[in-house]
Amino acid sequence: MLGRGLRKEFPNPERIGCPDAEVLKKIVSREMPLSEAEAWLDHLGSCSPCYNDFSQFREASQRDRSRTLLAVAASVLLVATVAGWALLRNRNENLATQTAILDLRNRSIARGAEANPEEPPLELTRTAKNVKILLPLGSSEGPYDVRIVTLSGEELAASSGTSELNEHITSLEVVLPRDSLRSGKYLLQLRRPQLSWESYSLILR
């Protein structure tokens with residue numbers, strides 16, 4: 001009510017004693033020291049035109065402040081989003097580089113400790129800890145044992161996991177530590193629990 005009264009009840013059409021717009025803007029933005037602003041406060045309380053100008057400058061300043069806060073908040077959100085995306089991408093890239101894929105889908109199933117000599121050996125690096133095995137076509141879902149053995153049958157690394165069917169591909173993911181193994185020729189063996197091993201020639205690099 002006081003504000004509405006100040007807007008209308010103190011007309012000053014000739015603008016006698018009124019400060020210029022820059023003074024009002026400095027008061028609104030608090031750029032003017034209080035000791036200097038006090039000289040104009042009584043005038044603002046007794047001059048409707050100046051009070052109206054002061055109110056307009058104050059509203060404009062508040063809008064600018066709100067836009068600035070929104071811009072800062074948007075910038076912070078953008079930076080956080082980009083940082084999160086970069087972190088996730090790096091994580092996925094690191095995970096991808098640590099996961100080796102062995103494709104057995106078009107290979108014949110060799111029972112026992114002998115691999116099919118007519119098929120080229122699988123290749124696997126020693127650095128990738130995770131191994132994703134695409135099982136031969138028609139393989140069933142469920143638990144599997146996996147191991148790497150020497151050509152004479154000595155077990156060097158072993159793991160187990162559960163295969164899943166996704167988009168007509170049965171895959172098995174296991175952690176198969178082998179960084180302590182030497183490069184060379186080995187056998188990769190898989191089996192369902194309690195069943196016989198299936199062997200595939202493997203070159204470890």
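Student: Where along the chain should I look for R15?

Tutor: R15 sits in the loop that joins helix 1 (2–8) to helix 2 (21–29), where helices are DSSP runs of H or I with at least four residues, strands are runs of E with at least two, and both are numbered from the N terminus. This is a predicted model, in which local features need pLDDT of at least 70 and side-chain atom pairs count only at pLDDT 80 or more, while totals for chains, interfaces and linings use all residues. Residues are numbered from 1 along each chain as its sequence is written, and side-chain values use heavy atoms, with hydrogens and water left out.

Student: What is the phi of R15, and how exposed is this residue?

Tutor: The phi of R15 is near 55°, a positive value in a residue other than glycine. With a relative accessibility of 34%, R15 counts as partly exposed, the class that lies between buried (under 20% relative accessible area) and exposed (over 50%), as judged with a 1.4 Å probe and protein chains only.

Student: Where is H168 placed, and is H168 buried or exposed?

Tutor: H168 belongs to the loop between strand 5 (155–166) and strand 6 (169–175), and its relative accessible area of 77% makes it exposed. Although H168 is not a glycine, its phi is positive, at about 70°.

Student: How many helices and strands does the chain have, and in what pattern do they follow along the sequence?

Tutor: The chain comes to four helices and eight strands, and reading along the sequence gives the pattern α-α-α-α-β-β-β-β-β-β-β-β. The radius of gyration, taken over C-alpha atoms, is 39 Å, which is well over the 17 Å that the globule rule gives for 205 residues, so the chain is more spread out than a compact globule; that rule is 2.2 Å times the number of residues to the power 0.38.

Student: What does the C-alpha trace span along its principal axes, and what share of the residues is buried?

Tutor: Along those axes the C-alpha trace of the chain spans about 110 × 35 × 25 Å. Of the 205 residues of the chain, 32% count as buried.

Student: What share of the contacts with a separation of 6 or more joins residues 24 or more positions apart?

Tutor: Taking a contact as heavy atoms within 4.5 Å, residues 24 or more positions apart account for 66% of the contacts in the chain that have a separation of 6 or more.
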